[in-house]
Amino acid sequence: MKEEILKLFRNSAGDYLSGESLSTELGISRTAIWKYINILKSDGYTFEASSKVGYKLISTPDILNHQEINPYLSTDYLGNEIFYYDSISSTNTKAKELAGDGLKEGTLVIAEEQTAGKGRLGRNWLSPKFKGIWMSVILRPDLNPIEASKVTLIGAAAVYKAMEDFNIKAHIKWPNDIVLDGKKVCGILTEMSAELNKIHYLIMGIGINVNIGHDEFNEELRQSATSLKLHTGRSVDRKRLTASILNNLEKLYNEFRISGTIESSVEICRNNSILIGRDIKIINRNEEVHAAAIDIDNDGHLIVKHADGTTESIFSGEVSVRGINGYV
Ligand code: BTN
């Protein structure tokens, strides 16, 4: 009912709605309407009330639940079902649990804060409350597990496009980072449950530093991480950005789902790559190799050229890629 009441206010273009019209429209008593308005107020919505004309919605809370994201979503299946948490250990861990219980492709787990956010290669992921987008999507592509790493590039391309919708020109650091001002603003962690030739599910975990301030990063992170707020100098609307990522992700993921190819995502990753044309370090376990990044092929592999002139196609798996003198 809360969602239905909010929908009427959102469609009223900022006008007052009388208790009577709400009650007729929704088929519940005026007392019930008054009770729901009070619940909404305690959820962080503010209303102006006038005894003559009724209620006007003044502001909505900065939270990422279904009620707040749904008005901006244009997807068919991504985000149809949203598991929303005020605080959780890790949205990826929760999404794995839900996927194991059989939840559908497109189910989203989102939290305002993660107390044990996970990064790639066993690293931690800083996830302060209300300051970022910490979310995981359950995907069930009918593909060979060997293809799974392609999904990370689809995620990177979707986040890139969503930032572009906000007039933020980022770069993609193959395979899973989004970069602004030479620093990391978003990371993607794709995890999989599979048999030899069948994917049970993939979890695409996306972490975006949206409104994190300078002081919230520790000294070490300050060297390599940034936020959209630090880049733009203003707070960024987390709800619209979340919806825009999901809208873009569904479009790009559909290509993969239907044809198994990721050409549109690769094109976005290639055209906006921070690595192509640079000398990089490829770190695989404890081994470090220097090479020049020259391209990303249609399967999403990074093509590098070694000093002896030979080229190699790098599979994202467990490698970590760095600039010669730092993060990029
Ligand atoms: C990386 O660049 O190392 C990947 C970072 C991925 C972080 C996100 S935040 C939402 C989801 N839940 C997690 O525990 N991790 C991912």
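## Briefing: paired strands S10 to S12 and the loop residue Asp181

Val289 in S11 is the bridge partner of Ile282. The model in which this pairing appears is a predicted one, and the points below take up the strands around this pair before turning to Asp181, which sits in a loop between strands S7 and S8.

**Strands S10 and S11**
- Strand S10, covering residues 279–284, and strand S11, covering residues 287–296, run antiparallel and are joined by six bridges.
- The hairpin that these two strands form has two residues between them, and within this hairpin Arg285 takes a positive phi near 55 degrees.

**Strands S11 and S12**
- S11 is also joined to strand S12, residues 302–305, through four bridges, and this pair too runs antiparallel.
- Among the residues that face one another across this pairing, Ile296 stands opposite Leu302 in S12.
- Five residues lie between the strands in the hairpin of S11 and S12, where Gly300 takes a positive phi near 90 degrees.

**Asp181 and its surroundings**
- Asp181 belongs to the loop that follows strand S7 (177–180) and precedes strand S8 (183–195).
- Asp181 counts as exposed because its relative accessibility is 55%, and the cut-off for that class is over 50%.
- The side chain of Asp181 makes a polar contact with the side chain of His231, at a distance of 2.8 Å.
- Ala225 is 44 residues away from Asp181 along the chain, and the C-alpha atoms of these two residues are separated by 9.4 Å.

Key: Residues numbered from 1 in each chain as written. Predicted model: local features only at pLDDT ≥ 70, side-chain atom pairs only at ≥ 80, totals over all residues. Heavy atoms only, no water. Buried < 20%, exposed > 50% of the residue type's maximum accessible area, 1.4 Å probe, protein only. Polar contact = N/O pair within 3.5 Å; in protein donor to acceptor, adjacent residues only side chain to side chain. Pairing = 2+ DSSP bridges.
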